[in-house]
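Visitor: I am new to this structure and should like a close look at a single part of it. Please choose a place where helices meet, and explain what lies around it.

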Amino acid sequence: MKTRFAIIGLAAAAWLLPGASLRCALAQEAAPRTTPGAQAVPGFWDPRRRPDRPDMARLTVIRFLTEIDYPPFNFAGPDGNPAGFNVDFAKLLCDEIGVTCTIQMRRFETLVDSLTANRGDAIIASIAATPALRTKVDFTDPYYRTPARFVSRRDALMETVRPEYLEGKRVGVIAGSSHEVYLKAFFTDAEIISYANDDTVRQALRRGEVDLIFGDAIALSLWINGTDSGDCCAFSGGPFMESRYFGEGVGIAVRRGNDLLRQALNWAMFRVWEKGRYTDLWLRYFSVNPF
């Protein structure tokens with residue numbers, strides 16, 4: 001699974017705000033919205049901050065741009081048409097706004113240029129709202145974030161993971177990642193072992209070379225539920241969502257200054273979540289919940 005989120009090297013540790021308290025940095029934020037008897041589903045909208053409905057009379061069509069190959073968020077379906085979580089979410093938003101929408105697939109690296117050249121109106125392609133990208137496009141409110149989580153073998157799961165619980169434990173992580181920086185900052189008593197990529201760190205856990213691994217929870221949830229894991233492993237503890245390490249979240253990009261479309265999408269996202277349609281969509285795509 002390719003990542004769209006901030007991956008920072010060790011040199012970038014200086015960018016992180018100094019003096020962060022352990023309590024703040026280890027915060028497992030934003031308790032997900034839950035339904036009795038169902039798994040927790042993230043909710044990134046505050047019911048006390050209902051966005052105003054903008055005047056959308058001038059909106060007649062929204063041309064969404066998305067990428068070609070980033071399952072389960074974006075991919076070509078059996079008929080060759082765009083499919084995936086982002087595509088289905090875009091359709092829900094269009095239905096809520098009451099406008100016609102088109103969805104066109106392009107290579108990821110061409111999306112921003114296509115938007116600024118007016119070949120589309122909005123990008124929905126799991127793009128993290130980074131400071132660098134905000135100089136080129138505007139973003140809606142985030143519609144999901146990528147937490148970090150620990151994974152253990154099923155015979156050694158932990159209900160809660162705290163720094164003192166990992167003293168002497170071997171923890172695998174991808175070298176140069178924000179997850180490695182986080183571990184080295186706050187889990188100082190653990191034995192941190194760095195690996196080159198996703199495959200090597202996951203195989204190390206399967207073989208018992210490490211006690212836990214720490215990384216991108218969405219990618220890990222898909223691995224846990226896939227055949228490559230051999231049903232070896234599961235999440236230990238809860239999600240870590242410190243934005244200074246793991247990003248501000250994923251939003252929909254629109255051209256700079258297109259406030260009408262940005263506000264319309266923010267209003268529609270809130271409505272889709274409020275009606276429970278976001279929860280239904282999330283559960284359809286994530287049987288092992290990253291949160």
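**A helix pair and its surroundings**

Guide: The crossing of α2 and α10 is right-handed, that is, the near helix is turned clockwise from the far one by less than a right angle. On the α2 side, the contact (heavy atoms within 4.5 Å) is made by Phe85, Asp88, Phe89, Leu92, Asp95 and Glu96. On the α10 side, Arg277, Tyr278, Leu281, Trp282, Arg284 and Tyr285 take part.

The model is predicted, so local features need pLDDT of at least 70 and side-chain atom pairs count only at pLDDT 80 or more, while totals for chains, interfaces and linings use all residues. Residues are numbered from 1 along each chain as its sequence is written, and side-chain values use heavy atoms, with hydrogens and water left out.

Two packed helices are described by the angle between their axes and the distance between the axes. For α2 and α10, the angle is about 165° and the axes are 11 Å apart; axes are lines fitted to C-alpha atoms, for helices over the stretch in contact, and angles run from 0 to 180 degrees between N-to-C directions. This angle makes α2 roughly antiparallel to α10, a term for angles over 145 degrees.

Helix α10 itself spans residues 277-285; helices here are DSSP runs of H or I with at least four residues, strands are runs of E with at least two, and both are numbered from the N terminus. Within α10, Tyr278, Thr279, Leu281, Trp282 and Tyr285 are buried, meaning under 20% relative accessible area with a 1.4 Å probe and protein chains only. Why do these residues lie on the same side of α10? They cover an arc of only 165° around the axis, which puts them on that one side; the arc is taken from the directions from the helix axis to the C-beta atoms. On the other side of α10, Asp280 and Arg284 are exposed, with a relative accessible area over 50%. The cover over the buried residues of α10 includes α2 (85-97) and α9 (259-274).

Both of these covering helices also meet a sheet. Five strands form this open sheet in the order β4-β1-β5-β12-β6, and the pairing is mixed; two strands pair if DSSP finds at least two bridges between them. At the edges stand β4 (100-106) and β6 (137-139), each of which pairs on one side only. Neighbouring strands of the sheet are turned by 35° against each other on average, direction ignored. Helix α2 packs on the sheet and touches β1, β4, β5 and β12, with its direction at about 135° to that of β5. Helix α9, for its part, lies across β1, β5, β6 and β12 and runs at about 150° to β12.

Strand β5 (residues 122-128) is mostly covered, with seven of its seven residues buried. Two bridges join β5 to β1 (residues 61-67), and these strands run parallel; Phe64 stands opposite Ala122 in β5. With β12 (residues 250-255), β5 pairs in the antiparallel sense over four bridges, and Ala128 stands opposite Val250 in β12. Strand β1 also pairs with β4, in the parallel sense and over seven bridges, where Thr66 stands opposite Met105 in β4.

A further sheet may be set beside this one. It is an open sheet of five strands in the order β9-β8-β10-β7-β11, with mixed pairing. The edges are held by β9 (191-195) and β11 (233-240); each has a single partner strand, so one side of each is left without a neighbour in the sheet. The twist averages 30° from one strand to the next. Helix α7 (residues 217-224) packs on this sheet, touching β7 (148-153), β10 (212-216) and β11, and its direction makes about 120° with that of β10.

Strand β10 is mostly covered, as five of its five residues are buried. Five bridges join β10 to β7 in an antiparallel arrangement, and Arg149 stands opposite Gly215 in β10. Strands β8 and β10 pair in the parallel sense over two bridges, one of them between Gly172 and Ile213.

As a wider setting, the protein holds 10 helices and 12 strands, and buried residues make up 50% of its 291 residues.

Methods
Angles under 35 degrees count as roughly parallel, over 145 as roughly antiparallel, 65 to 115 as roughly perpendicular and the rest as oblique.
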